[in-house]
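Biologist: Before we turn to individual residues, I should like to go through this model with you step by step. Please take my questions in order and give your reasoning for each.

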Amino acid sequence: MSILNEIIEHKKKEVFETRSMVNPLTYNLVPMFKKTRVRLKKRLLDHKGPAIIAEFKRQSPSVGSINPMCDTKEIAPAYEAAGAVAMSVLTDDKYFGGEMQDLRDARRACKLPLLRKDFIIEEYQLLQSKAYGADIILLIAAALSKEDCANLAEKAKALKLDVMLEIHNEAELEYLDGNIDFVGVNNRDLTTMKVDVENALRLAPMIPSKYIKVAESGINSVDTVKKLYEAGYKLFLIGEHFMKEDEPGFAATEFINALK
């Protein structure tokens, strides 16, 4: 069984258990659920050059522990001050060391658009995402059927959440539809866990221009960002490169300043 299949099987059990404890109707009553979303597209209108989505994660299946004691209440405002245009928050517990409270804390600590990065497989998680302060949700093509992905994207838009579709190869371009706002190309092979930035370069011309392109994984140098920017990528999701440092916010500041 691949790591992705393992994660999805566990996620199904996790969502089932959470739903048994928290009725989905409860999320509609949370004050945050009714708040206006922070639009990343709007922020990009005034942004010149490459834009960074700074990610918060404590660990990952590929590298293990990264920064286990970090706190979104401290890192979210630091990323904002660094000049990131958005923040990605890993909320998966077992494999990434995250939790939903991280998303809520980040929402309270900064004004950045927040991407909930998790393995979204059910509508229940969309309601949960909005109640905890997400502005954007991630749908991973490799984790969903085309039909399920389309249904979740449509329901996310109905909730006024923006949608980022993550793809890994040319075949997954078929998942694109009118409810997708951002297309993230993950350079990590989910079978071997190896990273190859050339994947983003290869797929760039195949992604229709109406979608905002996002490069993910293996983005750890200014030169790489500039190369991908010239290929058509506007956004760059960077996590491990910042999070492995004692002060992720400072690392993000240095990196973003070097792009100017």
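Biologist: Does Ile219 count as buried or exposed?

Modeller: This is a predicted model, and the values given here are computed from it. Residues under 20% relative accessible area are classed as buried. Ile219 has a relative accessibility of 4%, so Ile219 counts as buried.

Biologist: Where does Ile219 lie with respect to the secondary structure, and how far is Ile219 from His241 in space?

Modeller: Ile219 belongs to the loop that runs between strand S9 (212-216) and H9. Beyond four places in sequence, Ile219 has contacts that include Asn187, Phe236, Leu237, Ile238 and His241. Ile219 and His241 are 22 residues apart in sequence, and their C-alpha atoms are separated by 7.7 Å.

Biologist: Which residues does Thr224 touch, setting aside those up to four places away in sequence?

Modeller: Thr224 sits in helix H9 (residues 222-230). Its relative accessibility is 17%, so Thr224 counts as buried. With residues up to four places away not counted, Thr224 touches Val197, Gly218 and Ile219.

Biologist: What is the phi of Ser217, and is Ser217 buried or exposed?

Modeller: Most residues other than glycine have a negative phi. Ser217, in the loop between S9 and H9, has a positive phi near 75 degrees. The relative accessibility of Ser217 is 18%, so this residue counts as buried.

Biologist: Is Lys160 buried or exposed?

Modeller: Lys160 is not a glycine, yet it has a positive phi of about 65 degrees. Its place is the loop between helix H7 (146-158) and strand S7 (162-167). At 54% relative accessibility, which is over the 50% limit, Lys160 counts as exposed.

Biologist: Which residues lie nearest the centre of the largest pocket?

Modeller: The largest pocket holds about 550 Å³ of space. Its lining consists of 33 residues, and those nearest the centre are Lys57, Lys117, Asn186, Arg188 and Ser217.

Biologist: Which element gives the largest share of the lining of the largest pocket?

Modeller: Two or more lining residues come from each of helix H1 (3-21), strand S6 (136-140), strand S10 (235-238) and helix H10 (240-243). By residue type, the lining divides into 15 nonpolar, nine polar and nine charged residues. The largest share, three residues, comes from H1.

Biologist: Which residues have the most contacts inside the largest nonpolar core?

Modeller: Leu235 is in contact with residues that include Leu40, Leu44, Ala51, Ile53, Val85 and Phe182, leaving aside neighbours within four places in sequence. Other contacts of Leu235 include Ile212, Lys213, Val214 and Ala215. The largest nonpolar core has 93 residues, and those with the most contacts inside it are Leu139 and Leu235.

Biologist: What is the radius of gyration of the chain?

Modeller: The chain has 11 helices and 10 strands. For 260 residues the globule rule gives 18 Å, and the value for the chain is close to this, so the chain is as compact as a globular protein of that length. The C-alpha atoms fill a box of roughly 50 × 40 × 35 Å along the principal axes. The radius of gyration is 17 Å.

Biologist: What percentage of contacts between residues at least 6 apart in sequence join residues at least 24 apart?

Modeller: Of the 260 residues in the chain, 53% are buried. Among contacts between residues at least 6 apart in sequence, the share that joins residues at least 24 apart is 68%.

Definitions and conventions. Residues are numbered from 1 along each chain as its sequence is written. This is a predicted model: local features need pLDDT of at least 70, side-chain atom pairs count only at pLDDT 80 or more; totals for chains, interfaces and linings use all residues. Side-chain values use heavy atoms; hydrogens and water are left out. On a 1 Å grid over the protein atoms alone, a cavity is a set of points where a 1.4 Å probe fits but cannot get out, and a pocket is an open set with protein on both sides within 12 Å along at least five of seven lines; lining residues have an atom within 4 Å of a point. Grid points are joined across faces, edges and corners, and a volume is the space filled by probe spheres set on the points. Helices (H or I, at least four residues) and strands (E, at least two) are DSSP runs, numbered from the N terminus. Ala, Val, Leu, Ile, Met, Phe, Trp, Tyr, Cys and Pro count as nonpolar, Asp, Glu, Lys and Arg as charged, and the others, Gly among them, as polar. A nonpolar core is a set of buried Ala, Val, Leu, Ile, Met, Phe, Trp, Tyr and Cys residues joined through side-chain atoms within 4.5 Å. Buried means under 20% relative accessible area, exposed over 50%, partly exposed in between (1.4 Å probe, protein chains only). Contact means heavy atoms within 4.5 Å. The radius of gyration is taken over C-alpha atoms; the globule rule is 2.2 Å times the number of residues to the power 0.38.
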